[in-house]
Amino acid sequence: MITIGIIANKGGQGKTTTAVNLAHGLALAGKKVLLVDCDDQGHVVVNFDVSTEGSPTLYNIITKGETPQNVMVELRPNLHAILSDQTLVAAMVTLQGIEVDVVRVGQLRSICEAVQGDGFDFVIFDGKPGQNEMVYNIIMASQVLYLPVNIGGDFYALAGLGTFLKAIHDTCQDYDADLGHWYEQIRLIPYFYKPREPDSQRDFTALTEQYRDLVTSPIRYSAAVANAPRRGQTIFEYSTIYKNLG
């Protein structure tokens, strides 16, 4: 089972877009996937046009000890999810109140351990923006870390990236002795790339020059990617429907 954390130093970087489309793409390829929404904005709920009303969420796992199996829902064939909404704010307070450090940052790691025997090929965490207890949990639970970066559209995201990467390294170093955990791979994903726009080109060049081997191929801006969530779809569903209409 491979665990993937998708995190960003601020909002608007394409984090949830990456998470939902990666998760659904893997599910379509026949892999069993668990997508865990770790953001109180609940954008996974919005993207798939579902509701958490009357249903348990990640909040119930963290604050009430519910098992992941009792909380997860099936969004698509092979694609299950642990959803979140504004109740996760209270769960964040609970996390902050846990005095034992390794317990505080090990909540999501415990979810991975609990579903280890359920046949999941991938667990994907969609993180809350910035540096916070939930992001530290994701770092401690993930073998692979993906950091989307808004190229050309958000200078502050690029400017704060070095500080965020240092925080990731320091977090792993802080808990290495107790948890023995370092990510196996970290990659920066240039997002919303517009090759004909000078600012976008300039930011992409700066990113690749500074971080070199960490940078993936850029993901170009696409109206389809932007419009799919409005219809409760992933890019795979949106593209198929509109291709058939054409």
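1. Largest pocket, lining. In this predicted model, the lining of the largest pocket divides by class into six nonpolar, nine polar and two charged residues. The lining counts 17 residues. Those nearest the pocket centre are Gly14, Lys15, Thr16, Thr17 and His43.

2. Largest pocket, volume and elements. The space in this pocket comes to about 370 Å³. Three helices each give at least two lining residues: α1 (15-28), α2 (43-48) and α12 (223-227).

3. Second largest pocket. Its volume is about 240 Å³. The lining consists of Thr17, Thr18, Asn21, Leu22, Tyr146, Ile189, Tyr191, Ile219, Val225 and Ile235. Two elements supply two or more of these residues, namely α1 and β7 (185-191). Helix α1 has the largest share, with four residues. By class, seven lining residues are nonpolar, three are polar and none is charged.

4. Shared lining. Which threonine lies near the centre of the largest pocket and also lines the second largest one? Thr17 is listed among the residues nearest the centre of the largest pocket, and Thr17 also appears in the lining of the second largest. Helix α1 serves both: α1 gives at least two residues to the largest pocket and four to the second largest.

5. Cavity. The count is one cavity of 30 Å³ or more. The largest cavity has a volume of about 40 Å³. Around it stand Tyr191, Phe192, Ile219, Arg220, Tyr221, Ser222, Val225 and Ala226. Six of the lining residues are nonpolar, one is polar and one is charged. Tyr191, Ile219 and Val225 line this cavity and also belong to the lining of the second largest pocket.

6. Sheet. Seven strands form an open sheet with mixed pairing. Their order is β3-β4-β2-β5-β1-β6-β7. The edges are β3 (73-76) and β7, each of which pairs on one side only. On average, neighbouring strands are turned by 25° against each other, direction ignored.

7. Edge pairing. Strand β3 pairs with β4 (residues 79-82) in the antiparallel sense. Three bridges make up this pairing. Val73 faces Ala81 of β4.

8. Helix α1 on the sheet. This helix packs on the sheet and touches β1 (2-6), β2 (33-37), β3, β4, β5 (122-126), β6 (144-150) and β7. Its direction makes about 165° with that of β5. So a colleague viewing α1 sees a helix that contacts the sheet and also lines both pockets.

9. Helix α8 on the sheet. Helix α8 (residues 133-141) packs on the sheet too, with contacts to β1, β5 and β6. The direction of α8 makes about 160° with that of β5.

10. Tyr136. This residue lies in helix α8. Which residues does Tyr136 contact, leaving aside its neighbours within four places in sequence? They are Val105, Gln131 and Thr171. Thr171 is 35 residues away from Tyr136 in sequence, while their C-alpha atoms are 6.9 Å apart.

11. Aromatic pairs. The structure holds three of them. One joins Tyr193 and Phe204: the ring centres are 5.1 Å apart and the planes stand at 45°, so the pair counts as tilted. Tyr193 sits in the loop between β7 and α11 (198-211), and Phe204 in helix α11, so the pair ties together parts eleven residues apart in sequence.

Note on methods. Residues numbered from 1 in each chain as written. Predicted model: local features only at pLDDT ≥ 70, side-chain atom pairs only at ≥ 80, totals over all residues. Heavy atoms only, no water. 1 Å grid on protein atoms, 1.4 Å probe; cavity = no way out; pocket = protein on both sides within 12 Å on 5 of 7 lines; lining within 4 Å. Points joined across faces, edges and corners; volume = space filled by probe spheres on them. Nonpolar A, V, L, I, M, F, W, Y, C, P; charged D, E, K, R; others polar. Pairing = 2+ DSSP bridges. Axes fitted to C-alpha atoms, helices over the stretch in contact; angles between N-to-C directions. Contact = heavy atoms within 4.5 Å. Phe/Tyr/Trp six-rings, centres within 6.5 Å; stacked < 30°, edge-to-face > 60°.
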